[in-house]
Amino acid sequence: MFPLIYFLLRRSRVGRLSDEMMCDVDQVPEDFSHCIILGAKLGSGDALTPILNERLDMAIRLHGLRPDMKFVISGDGTKIYSNDVAAMRAYLEDNSAIPGENIFIDNQGVHTYASIKNFKKRFRVSKVIILTSMFHMPRSLYIASRFGLTALGIKGQPYNPRLQSGYKTREKLAMVKAYWLFAFDREV
């Protein structure tokens, strides 16, 4: 069953979405006013991982080009000892000139589906920039499009080839999960 579902998803719009909906940070259209920064697991001692650093550094670059941009930090802020949302916010506060009123927090973004669903409910905008890792971008853009958002992904660094097979496996499973969440979510 899993291979069939994944095959159907890949043959659907997922691959095309990621190619059609990507741009460099300096090419973001003016009519995009909000950006979701998707969280990720923290490293040892609650340190930001290179994956999270890349996302946050890209947000800082985007702010330099678009000072009016609103940033939504989304992740699992429910954990007492490993809170990626708090760590990401602290990084932006310490390393950027993004004003506090342009940073919004989503502590309930426990996975990509929830992050984008929460964004859709909270903000009355139809367009969003997504900052995440390149291996994660196709699924993120797919989920956003299924929620009726016009989403644009910012091109980042390719991920470490040594970790590629693990990321690919994780994303295959996560795509199946996204499919099931859409199939059974009564709010969509």
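Two residues are in contact when heavy atoms of theirs lie within 4.5 Å, and by that criterion Ser133 touches Ile51 and Arg55, once residues up to four places away in sequence are set aside. The model described here is a predicted one, and its protein chain holds 6 helices and 6 strands, which follow one another from the N terminus in the order α-β-β-α-β-α-β-α-β-α-β-α. The points below begin with the chain as a whole and then turn to its cores, one helix and a few single residues.

**The chain overall**

- The protein chain has 188 residues, of which 47% count as buried.
- About 9800 Å² of the protein chain is exposed, and carbon and sulfur atoms supply 54% of that area.
- When contacts in the protein chain between residues at least 6 apart in sequence are considered, 73% of them join residues that are at least 24 apart.

**Nonpolar cores**

- In soluble globular proteins, nonpolar side chains tend to be buried together.
- The largest nonpolar core in this model contains 27 residues, and the members that touch the most others are Val28, Cys35, Ile37, Leu62, Phe71, Ile129 and Ile154.
- At least two residues of this core come from each of E2, H2, E3, H3, E5 and strand E6, the last of which covers residues 150–154.
- Another core, of 21 residues, lies apart from the largest one, and its members include Ile36, Leu38, Tyr113 and Ala151.
- Val28, when its neighbours within four places in sequence are left aside, is in contact with Cys23, Leu62, Arg66, Met69, Ile129 and Ile154.

**Helix H3**

- Helix H3 runs over residues 84–95, and because its 12 residues at 1.5 Å a residue should span 16 Å, the 16 Å between its end C-alpha atoms agrees with what is expected.
- The buried residues of H3 are Asp84, Val85, Ala87, Met88, Tyr91 and Leu92; viewed down the axis of H3, these buried residues fall within an arc of 165°, so they line one face of the helix.
- The partners against which the buried residues of H3 pack are strand E2 (34–38), helix H2 (50–65), strand E3 (70–74) and strand E4 (103–106).
- At the N-terminal end of H3, Asn83 acts as a cap, with a side-chain oxygen 3.1 Å from the backbone nitrogen of Val85.

**Ser133 and Ile51**

- Ser133 sits in the loop that lies between strand E5 (127–131) and helix H5 (137–146).
- Because its relative accessibility is 4%, and buried means under 20%, Ser133 counts as buried.
- The side chains of Ser133 and Arg55 are joined by a polar contact of 2.9 Å.
- Ile51, which Ser133 also touches, belongs to helix H2 and is partly exposed, with a relative accessible area of 22%.
- Between Ile51 and Ala40 there are 7.6 Å in space, C-alpha to C-alpha, although the two are 11 residues apart in sequence.

**Ser140**

- Ser140 is part of helix H5, and with a relative accessible area of 0% this serine is buried.
- The contacts of Ser140, leaving aside its neighbours within four places in sequence, are with Leu38, Thr112, Ile116, Ile130 and Thr132; of these, Leu38 is also among the members of the 21-residue core.

Definitions and conventions. Residues numbered from 1 in each chain as written. Predicted model: local features only at pLDDT ≥ 70, side-chain atom pairs only at ≥ 80, totals over all residues. Heavy atoms only, no water. Helix = DSSP H or I, 4+ residues; strand = E, 2+ residues; numbered from the N terminus. Buried < 20%, exposed > 50% of the residue type's maximum accessible area, 1.4 Å probe, protein only. Polar contact = N/O pair within 3.5 Å; in protein donor to acceptor, adjacent residues only side chain to side chain. Areas by Shrake-Rupley, 256 points an atom, 1.4 Å probe, with all protein chains shown as cover. Expected span 1.5 Å × (residues − 1). Arc of directions from axis to C-beta. Core = buried A, V, L, I, M, F, W, Y, C linked by side-chain atoms within 4.5 Å.
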